[in-house]
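Reader: I'd like a close look at one part of this protein, the sheet near the start of the chain, and then whatever you can tell me about its surroundings. Could you walk me through it in one go?

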Amino acid sequence: MQTLVQEVALYEEIAELKKQRKAIMLAHYYQDGAIQEIAEITGDSLKLAREAAKVTDPVIVFCGVHFMAETAKILNPKKTVLLPDMAAGCSLADSCPAPALKKFQDELRAQGVKFQTVTYINSTAAVKALSDWIVTSGNAREIIERVPKDCQILFTPDQHLGRFLMDETKRPFILWKGSCMVHEVFSVVDMIRLKKQNPQSVTIAHPECPHNMLEQSDFVGGTEAMLKYVGGKPIPTTFNVATEVNMIWQFEKRFPQHTFVPVPGIACACNACPHMAKNTLERIRDCLRDMTPEIVWAPEFDQAEAVIRRSLL
Ligand code: 13P
Ligand code: SF4
């Protein structure tokens, strides 16, 4: 645990290194508040991908997880993209290995199934390269409309987001059975308890949560959609929030008039993403100082780039 004095010293070192390296920092809303505070750009997966495509600085420090930094590199082949901790992965991306997806697609084709593969951005570049479309929680409905009506939709890797979108779009999906380790372990019992304790409260949930959580929620949306929804409430309100806990920092910063209560996990009150938590102020300082770890171009990025560009930009 850092003291405030140590934190300020790190802020200063990072600011100086950013200037020297001509670097810009992008941070996802699930990063620690101290990291979001010093990032030039914060956002959800869609906003960060779009902003990454517009960057003019030669160095991007991506404070998020591996698939996000990989997307930034794919959209900026000539730039240096640093990920403060290369081990910042994602359970959802891990739940769909590219060879397993390829095998399943081949089986479907052999059975004569006509389909297109729609993949959540929380996936590796190799999986993106096997896909027809990439979606985020922020653009999924719009992209699904682009899938020809005579094609089935193979949705990977998040089964819960897939089921939610299936209900929303009224189209049948073939669901890959992946899930996010953070959103899957919220306690629906505690969520109901919070609602009972404060009947005036409003419950908001990320679509990566299981169906029984979404059924109990007043609003379902990705992180950017949640911010928009909360921002539209003029009267001070208490929100029960079922998403990664660092999102509360962003809510409180933008909407101090409201109260935000994190919905706890089943086993403990903590619902932080352990992968996002790998990025720390020290690691950000170190990666700017040493210019490593860096995302380097891989052969599958070429095909992934085409799919990302037509889906997200
Ligand atoms: P969004 O911020 O795009 O809603 O994504 C949530 C998430 O789980 C990122 O890993
Ligand atoms: Fe992956 Fe879930 Fe962490 Fe997002 S919150 S990075 S989906 S494990």
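Author: Here is a walk through that sheet, followed by some other spots in the chain. Keep in mind that this is a predicted model.

Let's start with the layout. Four strands make up an open sheet, in the order S2-S1-S3-S4, and their pairing is parallel. S2 (41–43) and S4 sit at the edges with a single partner strand each, so one side of each has no neighbour in the sheet. Ignoring direction, neighbouring strands here are turned by 20° against each other on average. As for what holds such an arrangement together, strands of a sheet pair through backbone hydrogen bonds, either parallel or antiparallel.

Now go across the sheet pair by pair. S1 and S2 are parallel partners over three bridges, and in this pairing Leu 26 faces Ile 41 of S2. On to the next pair: strand S1 (residues 23–28) is joined to S3 by five bridges, again in parallel. Leu 26 turns up here too, standing opposite Phe 62 in S3. So if you want a single residue to click on for orientation, try Leu 26, with Ile 41 as its opposite number in S2 and Phe 62 as its opposite number in S3. Then comes the far edge, where S3 pairs with strand S4 (residues 80–82) in the parallel sense over three bridges. There, Ile 60 has Val 81 of S4 as its bridge partner.

S3 deserves a closer look. This strand covers residues 59–63, and five of its five residues are buried. Val 59, Val 61 and Cys 63 point one way, Ile 60 and Phe 62 point the other way, and all of them are buried. Just ahead of S3 in the chain, things look rather unlike that. Thr 56 belongs to the loop between helix H3 (45–54) and S3, and with 7 other C-beta atoms within 10 Å it counts as exposed, because the cut-off for exposed is 12 or fewer. If you want a sense of scale, Thr 56 is 169 residues from Ala 225 in sequence, and their C-alpha atoms are 27 Å apart in space.

What lies across the sheet? Helix H4 does: H4 lies across S1, S3 and S4, and runs at about 155° to S3. H4 (residues 66–75) also meets helix H15 (residues 301–312), their axes coming within 10 Å and crossing at roughly 90°. The two helices are therefore roughly perpendicular to each other. On the H4 side the contact uses Thr 71, Ile 74 and Leu 75, and on the H15 side Phe 301, Ala 304, Glu 305 and Ile 308. Sorted by class, that contact has five nonpolar residues, one polar and one charged.

Another residue to look up is Met 276, in the loop between strand S12 (259–262) and helix H14 (281–290). With 24 C-beta neighbours inside 10 Å, Met 276 counts as buried, since the cut-off for buried is 20 or more. Leaving out residues up to four places away in sequence, Met 276 touches His 28, Tyr 30, Gln 31, Gly 64, Val 65 and Ala 88. His 28 is a residue you have already passed, as S1 spans residues 23–28. Met 276 and Ala 53, on the other hand, are 22 Å apart from C-alpha to C-alpha, with their positions 223 residues apart in sequence.

Further along the chain, have a look at strand S11 (residues 238–242), which is mostly covered, with four of its five residues buried. S11 pairs with strand S9 (residues 202–205) in the parallel sense over four bridges, with Ile 204 opposite Val 241. S11 is also joined to S12 by four bridges, and these two run parallel as well. Val 241 has a bridge partner in S12 too, namely Pro 262.

Finally, the ligands. Around ligand 1 you'll find Tyr 29, Asp 44, Ser 45, Asn 122, Thr 136, Ser 137, Gly 138, Cys 180, Glu 208, Gly 222 and Thr 223. By class, this shell divides into two nonpolar, seven polar and two charged residues. Ligand 2 has 13 residues around it, and those that come nearest are Cys 90, Leu 92, Cys 180, Val 182 and Cys 273. The shell of ligand 2 has nine nonpolar, three polar and one charged residues. Cys 180 is worth picking out in your viewer, as this residue is listed around ligand 1 and also among the nearest to ligand 2.

Note on methods. Residues numbered from 1 in each chain as written. Chains lettered and ligands numbered in written order. Predicted model: local features only at pLDDT ≥ 70, side-chain atom pairs only at ≥ 80, totals over all residues. Axes fitted to C-alpha atoms, helices over the stretch in contact; angles between N-to-C directions. Parallel < 35°, antiparallel > 145°, perpendicular 65-115°, else oblique. Contact = placed C-beta atoms within 7 Å. Nonpolar A, V, L, I, M, F, W, Y, C, P; charged D, E, K, R; others polar. Near = placed C-beta within 6 Å. Pairing = 2+ DSSP bridges.
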